[in-house]
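Student: I've got a protein model open, and I keep meeting words like "buried" and "perpendicular". Can we go through how such labels are earned?

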Amino acid sequence: MLKLYNTLNRKLENFKPLSDGIVKIYTCGPTVYNFQHIGNFAAQIYWDLLVRTLRADGYAVRRVLNLTDVGHLVSDGDEGEDKLEKGAAREGKSVWEVAEFYIEDFLKNYRSLELSEPEVIARATDYVEADMRAVDAMSANGFTYETEDGIYYDTSKFSDYADFARLNLSGLQAGARVGFSNEKRNASDFAVWKFIKPGEKHAMRWDYLGRPGYPGWHLECSTIIHETLSEPIDIHTGGIDHIPVHHTNEIAQTYAISGRELAKYWLHCNFITIDGEKISKSLGNVYLLSDLKERGFSAMDYKMWVLSGHYQGERNFTFEGLEAAKNRRNNWRARVAECYQQSKKSSEASHLGHAQGRSPELTVLDGSTPADFSTTFGQILAAVNENLNSAEAFAIIDNSELSIEDWKKVDELFGLRLIADTPDVSDEVYDLIREREAVRVAKDFARSDEIRDELTRRGILVRDTADGPVWQYVK
Ligand SMILES: [Zn+2]
């Protein structure tokens, strides 16, 4: 049974889908005005684990990820600079070109991490007409009011507004700056639609209510969920920074649009710090996956590092930690290679008439049987079923013997390319390894060294053990 920590109740709960059909999941995606750093991708890795765990548990999943390609403001509130306009000014491009460029870059990196593709990747600009219908509905239901600069959500009309984030609204009201949008009725009210004033520079604009404007940034998620999945959905995911404003506002909007609850389970991941510091440009620690690659670490090494911890914990990234994750993955790959060698050995032994007397049908695995939690893989799956505890699952992998079938399932569950990056070597290489063993026994060390060098050129290291030579990939 899958257990998840639900922000809605601040409790670990047994996961029960809303219907027997498909588990509906929504993930708040990036604003595409800049490169996504490794901290941003950590969140995507955690939610990929969620999807893969549900699938391993036998659920069908339909997941939607949004891409915020419509300009929204640098702060969570309704003041400040527009992110896409900022990117466009910085790069001398149009806002549309900026969005296009960073979407492509995001997807390229996303795929390099072997993250399962969401069933729908929704670009916010494709849903602006639906946004207008949503504002119409909220207004018809009496949840909005108009000011000089936009249509605002009246949070006093939604009595549960403070519940999700356990907000102190009177404190918020008292703390609001004087003159902070003087037309706002409550400090927590927010724009669902912004008007563009005459002469105001704003490239992305749509006509609504007889004047140019653009959607408030919280709106797209409510709209996209309404259009693609239909609320209530099973699971909504995001970062903990989304709780007090963005997700609180999504819940409020959806209630005003349809009177329905938005999601049954809310999962929030914590931040990543780098060498103990917040990720920030001024500290020069905004690492991209390409920066890690330059230092000799693959996307898989980084994914391995992320999955060695828990999504709710604040994680501190260091290159020493990444090195350890890389070594651990290489060790697992060496164990995959050993599985090939063992099966090679036993098939050779049986050819020579030295079969171990094991009846072959006992080793046939039937993938259609349900997960058996007494097996090694069953224990691994049971660990991730405990609120996605991949760290515990990794410890089980470190300390158990896994068959090649187990490794295949581990790869399906975590997407670590252990098998894909560790193909069995060719017969030719096996012949070389055997020849090296023979010449070593005959003390022809010159030839033995020659073969070793040849194998090294092919990326293969051979270790001599009591049971004979064992090969593994060097990288
Ligand atoms: Zn969102």
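Student: Let's start with glutamate 450. What makes it count as buried, exposed or partly exposed?

Tutor: Keep in mind that this is a predicted model. Glutamate 450 has 14 C-beta neighbours inside 10 Å. Buried takes 20 or more, and exposed takes 12 or fewer. The count of 14 falls in between, so glutamate 450 is called partly exposed. You'll find glutamate 450 in helix α15, residues 445-457.

Student: How far is glutamate 450 from serine 156 in sequence and in space?

Tutor: They are 294 residues apart in sequence, and their C-alpha atoms are 80 Å apart in space. For the frame around that, the C-alpha atoms of the chain fill a box of roughly 90 × 50 × 35 Å along the principal axes.

Student: Why is helix α9 described as largely enclosed?

Tutor: Use the burial cut-off again: 20 or more other C-beta atoms within 10 Å. Nine of the nine residues of α9 (299-307) are buried, so the helix is largely enclosed by the rest of the structure. Among them are Asp301, Lys303 and Trp305. The cover includes α1, α3 (95-112), α8 (289-294), α10 (319-351), α12 (390-399) and α13 (404-414). Across the chain, 37% of the 475 residues count as buried.

Student: And how do you know that strand β15 is hardly covered?

Tutor: Count its buried residues: among the six residues of β15 (460-465), the number is zero. Its partner is β16 (468-473), and the two pair in the antiparallel sense over six bridges. One bridge sets isoleucine 460 against tyrosine 473 in β16.

Student: What do β15 and β16 form, and how many residues lie between them?

Tutor: They form a hairpin, with two residues between the strands.

Student: Now helices. Why are α4 and α7 called roughly perpendicular?

Tutor: Two packed helices are described by the angle between their axes and the distance between the axes. Helix α4 (128-140) and helix α7 (243-258) pack at about 75°, with axes 7 Å apart. The perpendicular range is 65 to 115 degrees. The angle of about 75° belongs there, so α4 and α7 are roughly perpendicular.

Student: Which residues meet in that contact?

Tutor: From α4, Ala134, Ala137 and Met138 meet Gln253, Ala256 and Ile257 in α7. By class, that contact has five nonpolar, one polar and no charged residues.

Student: What makes β6 and β9 edge strands?

Tutor: Look at the open sheet of five strands in the order β6-β7-β8-β10-β9, where the pairing is antiparallel. β6 (144-147) and β9 (206-208) each have a single partner strand, so one side of each is left without a neighbour in the sheet. The twist from one strand to the next averages 40°. Inside this sheet, three bridges join β8 (190-195) to β10 (211-215), and tryptophan 193 stands opposite proline 215 in β10.

Student: What is the strand order in the sheet with parallel pairing?

Tutor: That open sheet of five strands runs β5-β4-β3-β11-β12. Its edge strands are β5 (120-123) and β12 (263-269), each pairing on one side only. Neighbouring strands here are turned by 20° against each other on average, direction ignored.

Student: How do you know that β3 and β4 pair?

Tutor: At least two bridges are needed for a pair. Six bridges join β3 (22-27) to β4 (60-67), so the pairing requirement is met. One example is valine 23, whose bridge partner in β4 is valine 61. Helix α1 (38-56) packs on this sheet, touching β3, β4, β11 (233-239) and β12.

Student: Last one: which part of domain 1 gives the most to the side that touches domain 2?

Tutor: That's α1, with seven residues. The chain is divided into domain 1 (3-269) and domain 2 (330-473), and their C-alpha centres lie 45 Å apart. In the contact, 14 residues of domain 1 touch twelve of domain 2. By class, the domain 1 side has eight nonpolar, one polar and five charged residues.

Technical notes:
Residues are numbered from 1 along each chain as its sequence is written. This is a predicted model: local features need pLDDT of at least 70, side-chain atom pairs count only at pLDDT 80 or more; totals for chains, interfaces and linings use all residues. Helices (H or I, at least four residues) and strands (E, at least two) are DSSP runs, numbered from the N terminus. Axes are lines fitted to C-alpha atoms, for helices over the stretch in contact, and angles run from 0 to 180 degrees between N-to-C directions. Two residues are in contact if their C-beta atoms, placed from the backbone, lie within 7 Å. Domain bounds come from an automatic or database domain assignment. Ala, Val, Leu, Ile, Met, Phe, Trp, Tyr, Cys and Pro count as nonpolar, Asp, Glu, Lys and Arg as charged, and the others, Gly among them, as polar. Angles under 35 degrees count as roughly parallel, over 145 as roughly antiparallel, 65 to 115 as roughly perpendicular and the rest as oblique.
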